[in-house]
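I open the notebook on this model and go through it piece by piece. The entries follow the order in which I looked things up.

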Amino acid sequence: MPFKEGELVIFADRRVQFLQRLIPGERLNTYWGYIEHDEVLGLEPGSVVKTSEGKKLYVFYPTLSNYIIKMPRKSGIIYPKDLGIIMMWADVRPGDRVLLGGVGSGALLLAVLRQVGPAGKVVAYDVRQDMLECAIENIKACFGDLPSHLELRLGDIYEPTGESGFDRVLLDVPEPWRAVKTVDNALIPGGILCSYLPSIIQVRTFATVLQKSGIFGLIETVEVMLRSWHIEGRAVRPQHRMVGHTGFLTFARKLSGQE
Ligand SMILES: C[S@@+](CC[C@H](N)C(=O)[O-])C[C@H]1O[C@@H](n2cnc3c(N)ncnc32)[C@H](O)[C@@H]1O
């Protein structure tokens with residue numbers, strides 16, 4: 001489908017990416033000169049366009065990963081490399097009911113909304129109204145509108161929320177051990193909890209509280225190291241630079257309480 005006015009696109013080569021919404025009369029300015037949006041309207045995704053100084057860039061619709069990396073932020077975000085593992089290890093499925101604590105800029109929320117789809121339900125909490133507003137803007141810019149299967153709540157996930165009947169609970173808050181009671185009430189037996197934490201000291205506190213609670217089994221912490229490779233002629237080696245650390249992911253399954 002050729003690009004139309006108002007659509008999000010990404011101009012990219014292997015090293016750079018520019019996210020733009022196509023507006024007649026506007027232009028993308030780069031280190032290598034500019035590209036008029038009018039030149040791109042009507043082109044097919046995967047076309048090559050040249051900046052005013054001759055630099056070639058591909059133009060595509062952005063992947064969700066492209067969008068998340070480039071969207072405006074008010075908080076740290078969970079990066080796509082971790083989001084991919086969260087979706088698989090926490091087994092977030094189409095139609096799932098997911099409770100999310102710590103909306104922030106909405107990166108995790110975007111991934112979950114897309115994964116559960118309209119047959120699912122996502123209830124997402126943040127203690128800060130400005131964070132909810134930032135996430136709302138990012139969701140609208142990505143999906144066109146706020147999906148009907150999303151309920152955003154201004155509230156504290158550490159306090160009793162009254163939420164119940166969730167298949168999955170995903171947390172990106174600084175002290176998830178304070179949310180254990182909320183999680184216990186919210187998750188169905190066999191449901192999966194995932195918490196993202198930047199520091200291993202936080203992970204130890206959290207894992208210890210989970211272990212002592214007797215409510216959870218299969219408690220596991222992982223980190224994701226993603227290393228790109230440079231492959232050009234005989235130069236076949238890992239890239240010199242990589243993201244060394246983002247966060248740790250702790251997963252656990254809610255037990256039924258029956259022996
Ligand atoms: C690192 S940000 C979350 C980023 C988000 N997961 C993303 O991928 O964009 C942490 C968020 O947790 C929120 N937060 C902190 N304590 C909270 C609590 N007790 N209940 C709900 N939200 C909380 C903060 O306001 C902040 O927006």
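Entry 1, ligand shell. I note that the model is predicted. I started at the ligand and asked which elements each supply at least two residues of the shell around it. I found α4 (107–116) and β8 (121–126). The shell counts 23 residues, and I list Gly 102, Gly 104, Ala 107, Ile 157 and Asp 172 as those that come nearest to the ligand. I then sorted the shell by residue class and got 12 nonpolar, 7 polar and 4 charged.

Entry 2, α4. I stayed with α4, since Ala 107 is one of its buried residues and also one of the residues nearest the ligand. I checked how covered the helix is: 9 of the 10 residues of α4 are buried. Besides Ala 107, I wrote down Leu 108, Leu 109, Leu 110, Ala 111, Val 112, Leu 113, Gln 115 and Val 116 as buried. I looked just past the end of α4 and found Gly 117 with a positive phi of about 70°.

Entry 3, domains. I looked up the domain assignment, which gives domain 1 as 8–62 and domain 2 as 72–254. I took the distance between the C-alpha centres of domain 1 and domain 2, and it is 32 Å.

Entry 4, open sheet. In what order do the 4 strands of the open sheet run? I read β2-β1-β6-β5, with antiparallel pairing. I marked β2 (17–21) and β5 (47–50) as the edge strands, as each pairs on one side only. From one strand to the next, I have an average twist of 30°. I then followed the β5 edge and counted 4 bridges from β5 to β6 (residues 56–60), the two strands running antiparallel. For a single pair, I picked Val 49, whose bridge partner in β6 is Leu 57.

Entry 5, Ile 23. I placed Ile 23 in the loop between β2 and β3 (27–30). Is Ile 23 buried or exposed? I put it down as partly exposed because 13 other C-beta atoms lie within 10 Å, while a residue counts as exposed at 12 or fewer and as buried at 20 or more. I looked for its contacts, leaving out residues up to four places away in sequence, and found that Ile 23 touches Glu 5 and His 37. I also took the C-alpha separation of Ile 23 and Asp 38, which is 7.6 Å for two residues 15 apart along the chain.

Conventions. Residues are numbered from 1 along each chain as its sequence is written. This is a predicted model: local features need pLDDT of at least 70, side-chain atom pairs count only at pLDDT 80 or more; totals for chains, interfaces and linings use all residues. Two strands pair if DSSP finds at least two bridges between them. Axes are lines fitted to C-alpha atoms, for helices over the stretch in contact, and angles run from 0 to 180 degrees between N-to-C directions. Domain bounds come from an automatic or database domain assignment. Two residues are in contact if their C-beta atoms, placed from the backbone, lie within 7 Å. A residue is near a molecule or strand if its C-beta atom, placed from the backbone, lies within 6 Å of it. Ala, Val, Leu, Ile, Met, Phe, Trp, Tyr, Cys and Pro count as nonpolar, Asp, Glu, Lys and Arg as charged, and the others, Gly among them, as polar.
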